Amino acid sequence: MTKRFDAEARQGLSLLAPPFVYALLVLAAPLLTILTYSFFKDGYLEVISEFTLDNYREVFGDPIVRKIMLRSLMVSALVTLVTVVLAFPIAYYVSFMVRPERKSMWLFLITIPFWTSYLIRVFLWKVILGYNGVINSTLTGLGIIDEPLTFILYNVNSIVLTLAHAYAPFAILPIFVALEKIDRSLLEAGRDLGESRVMTFWRVTLPLAMPGVIAATLIVFIPTIGDYVTPELIGGGKIPMIANMIQVQMLALDNRPLGSALAVTAMLIVALVSVIFLFLNRRFLKVRQ
């Protein structure tokens, strides 16, 4: 029995070893490199391998860095809020209102945005919101406005709108999965006990769907805080976020140690937020059990 167990263990390790080594090389090596660089000094067109905490002192002490970091958190939080709030009704409709044989078609339609490149979708929003874009041309043609609007592009609102559209499917799908797992008999029991549909939703459906909501929150929040393309194109470079600042330090200014410190700080903030939401998700799962 022991020999058989050992043989199965060795076989399992042999299967896991290649992807583990691959993940180690592809993920861990770059992260360790960035972490190491963040403690080095910056020289002229070179990195000086001397330990220092000056990069982190500059990250936490520079008011410009703090402002950009807070802006990144605010934009990501707004995008996450808008995306999840708009995604929940869609997921609810598909789960509870659509007939079972038509749900696959709806899911197919929801995933259509994945067919095109993320960059193309961002460019399309720039065309829609631009000075001579679709919205301004339509409003001008209908005589509603005399001259094109200038406040619908190159601001935080346009960035939030673009990112919310881009990440909407990522929020709809996990919420839909959570709603599909809800036992419909619980909802019927709530109504049999005299609860209205609104109170049944508030006391039964929403708490049971919270793991999906939390998953959608993480899926949207984590990539948007590090988004580089949308602030650059839709924000016109006037509203930089932390990813744009990292790009400037790494490439334009060739200050890789400071850029690495910014990247590590952003990752730590994302990790902290993720741990908080995972803790909340664990509590909701315990309540469901």
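This report walks through some helices, aromatic rings and single residues of the structure above. Keep in mind that the model is predicted.

**Two helix pairs**

Let's start with helix α2, which covers residues 54-61. Which of its residues are buried? They are N55, Y56 and V59. If you look down the axis of α2, these buried residues fall within an arc of 95°, so they line one face of the helix.

Helix α2 packs against helix α3, which runs over residues 63-97. The angle between the two is about 65°, and their axes are 5 Å apart. That makes α2 roughly perpendicular to α3, because angles of 65 to 115 degrees get that label. On the α2 side, the contact is made by E58, V59, F60 and G61, and on the α3 side by P63, V65 and R66. Sorted by character, the residues of this contact are four nonpolar, one polar and two charged. Notice that V59 turns up twice: it is buried, and it takes part in the contact with α3.

Now for another pair, α4 and α7, the latter made of residues 156-180. Here the packing angle is about 160°, with 10 Å between the axes. How are α4 and α7 oriented to each other, roughly parallel or roughly antiparallel? They are roughly antiparallel, because the angle is over 145 degrees. From α4, the residues K103, L107 and I110 meet P169, I172, L173, F176 and E180 of α7. This contact has six nonpolar residues, no polar ones and two charged ones.

**Rings that pair up**

The structure holds 10 aromatic pairs. A pair of aromatic rings is described by the distance of the centres and the angle of the planes. Here are two of the pairs:

| Pair | Centre to centre | Angle of planes | Kind |
|---|---|---|---|
| F88 and F201 | 5.8 Å | 85° | edge-to-face |
| Y93 and W106 | 5.3 Å | 65° | edge-to-face |

Why does the pair of F88 and F201 count as edge-to-face? Its planes are at 85°, and planes over 60 degrees apart get that name. This pair links distant parts of the chain: F88 sits in helix α3 and F201 in helix α9 (residues 197-225), 113 residues apart. F88 is buried, with a relative accessible area of 11%, whereas F201 is partly exposed at 26%. Both also belong to one aromatic cluster, together with Y92 and F96.

The pair of Y93 and W106 also links distant parts of the chain, with Y93 in helix α3, W106 in helix α4 and their positions 13 residues apart. Y93 is partly exposed at 40% relative accessibility, and W106 is partly exposed too, at 29%.

**Two residues up close**

F114 lies in the loop between α4 (100-110) and α5 (118-129). Its relative accessible area is 34%, so F114 counts as partly exposed. Leaving out residues up to four places away in sequence, F114 touches P169 and F170. You met P169 already, as one of the α7 residues that meet α4. The C-alpha atoms of F114 and A166 are separated by 8.9 Å, although the two residues are 52 apart along the chain.

Finally, look at T230 in helix α10 (residues 229-233). Is T230 buried or exposed? It is buried, with a relative accessible area of 0%. Again leaving out residues up to four places away in sequence, T230 touches Y118, V122, I159, T162, L163 and G235.

Key
Residues are numbered from 1 along each chain as its sequence is written. This is a predicted model: local features need pLDDT of at least 70, side-chain atom pairs count only at pLDDT 80 or more; totals for chains, interfaces and linings use all residues. Side-chain values use heavy atoms; hydrogens and water are left out. Buried means under 20% relative accessible area, exposed over 50%, partly exposed in between (1.4 Å probe, protein chains only). Helices (H or I, at least four residues) and strands (E, at least two) are DSSP runs, numbered from the N terminus. The arc is that of the directions from the helix axis to the C-beta atoms. Contact means heavy atoms within 4.5 Å. Axes are lines fitted to C-alpha atoms, for helices over the stretch in contact, and angles run from 0 to 180 degrees between N-to-C directions. Angles under 35 degrees count as roughly parallel, over 145 as roughly antiparallel, 65 to 115 as roughly perpendicular and the rest as oblique. Ala, Val, Leu, Ile, Met, Phe, Trp, Tyr, Cys and Pro count as nonpolar, Asp, Glu, Lys and Arg as charged, and the others, Gly among them, as polar. Rings of Phe, Tyr and Trp (its six-membered ring) pair if their centres lie within 6.5 Å; planes under 30 degrees apart count as stacked, over 60 as edge-to-face and the rest as tilted.
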